[in-house]
Amino acid sequence: MQTQNPTKAFKLASIAALVTGVAAYFIGLYNAPMALNEKGYYFTIMLFGLFAVVSLQKTVRDKMENIPTTKAYFLASIVAALSSIALLVIGLMNAELLLSEKGFFGMAFTLSLFAAVTVQKNVRDSQQPEQDEDLPLFKEEVEAPHKLHIAKGTSD
């Protein structure tokens, strides 16, 4: 699968969006009028969400490139991503915050998750040419590499 490397401007914009979203969320969380255990809940949801969407993006990309992935891990990634979003929504619905504060946390969370997926995609796209050199050219090289060497007349 041929991919085009992302431009430097797009990579920087993606990283800037990720840093902006995460920083805004955490600064808002630090200044929020809530108990420390509640802040810990929202902190954990952000970390969980970031990990879940990066993992999901990687799994989807692996499947697109015919890299073996297990259905269990793929489903676990989907469940984790959806759970982080659901936990944030449930937490915000029950939080004693102004509606504008709830919206702020929701938007910062959404920006962060989207930017994390984009940064992960950019990293994967940027590393693709390096990986292509190491990947086998033919299906036979993966299935029976020793037979291919014999057929070519080379020895190990």
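Helix 1 and helix 2 are roughly antiparallel to each other (angles under 35 degrees count as roughly parallel, over 145 as roughly antiparallel, 65 to 115 as roughly perpendicular and the rest as oblique). The axes of helix 1 (residues 8-31) and helix 2 (residues 36-64) cross at roughly 165 degrees and come within 10 Å, where axes are lines fitted to C-alpha atoms, for helices over the stretch in contact, and angles run from 0 to 180 degrees between N-to-C directions. The structure is a predicted model, in which local features need pLDDT of at least 70 and side-chain atom pairs count only at pLDDT 80 or more, whereas totals for chains, interfaces and linings use all residues. Residues are numbered from 1 along each chain as its sequence is written, and side-chain values use heavy atoms, with hydrogens and water left out.

The crossing of helix 1 with helix 2 is right-handed; a crossing is left-handed if the near helix is turned anticlockwise from the far one by less than a right angle, and right-handed if clockwise. On the side of helix 1 the contact (heavy atoms within 4.5 Å) is made by Leu 18, Val 22, Tyr 25, Phe 26, Leu 29 and Tyr 30, and on the side of helix 2 by Lys 39, Tyr 42, Phe 43, Met 46, Leu 47 and Leu 50. These residues divide into eleven nonpolar, no polar and one charged, where Ala, Val, Leu, Ile, Met, Phe, Trp, Tyr, Cys and Pro count as nonpolar, Asp, Glu, Lys and Arg as charged, and the others, Gly among them, as polar.

The axes of helix 2 and helix 3 (residues 71-94) come within 8 Å and cross at roughly 150 degrees, which makes this pair roughly antiparallel as well. The crossing of helix 2 and helix 3 is left-handed, and the residues of their contact divide into 17 nonpolar, seven polar and one charged.

In the loop between helix 2 and helix 3 lies Asn 66, which has a positive phi of about 60 degrees although it is not a glycine. Asn 66 is exposed, with a relative accessible area of 70%; buried means under 20% relative accessible area, exposed over 50%, and partly exposed in between, with a 1.4 Å probe and protein chains only.

Leu 50, by contrast, is placed in helix 2 and is buried, with a relative accessible area of 16%. Leaving aside its neighbours within four places in sequence, Leu 50 is in contact with Leu 18, Val 22, Ser 112, Leu 113 and Ala 116. The C-alpha atoms of Leu 50 and Ser 84, which stand 34 residues apart along the chain, are separated by 8.9 Å.

Ser 84 is itself among the buried residues of helix 3, which are Ser 77, Ala 80, Ala 81, Ser 84, Leu 88, Gly 91 and Leu 92. In helix 1 the buried residues are Ser 14, Gly 21, Val 22, Tyr 25, Gly 28 and Leu 29.

The expected span of a helix is 1.5 Å times one less than its number of residues. For the 29 residues of helix 2 a span of 42 Å is expected, in agreement with end C-alpha atoms 42 Å apart. For the 24 residues of helix 3 the expected span is 34 Å, and the end C-alpha atoms of helix 3 are 34 Å apart, which agrees.

Over the whole chain, the protein has six helices and zero strands, with helices (H or I, at least four residues) and strands (E, at least two) taken as DSSP runs numbered from the N terminus. Of its 156 residues, 31% count as buried. Among contacts between residues at least 6 apart in sequence, 72% join residues at least 24 apart.
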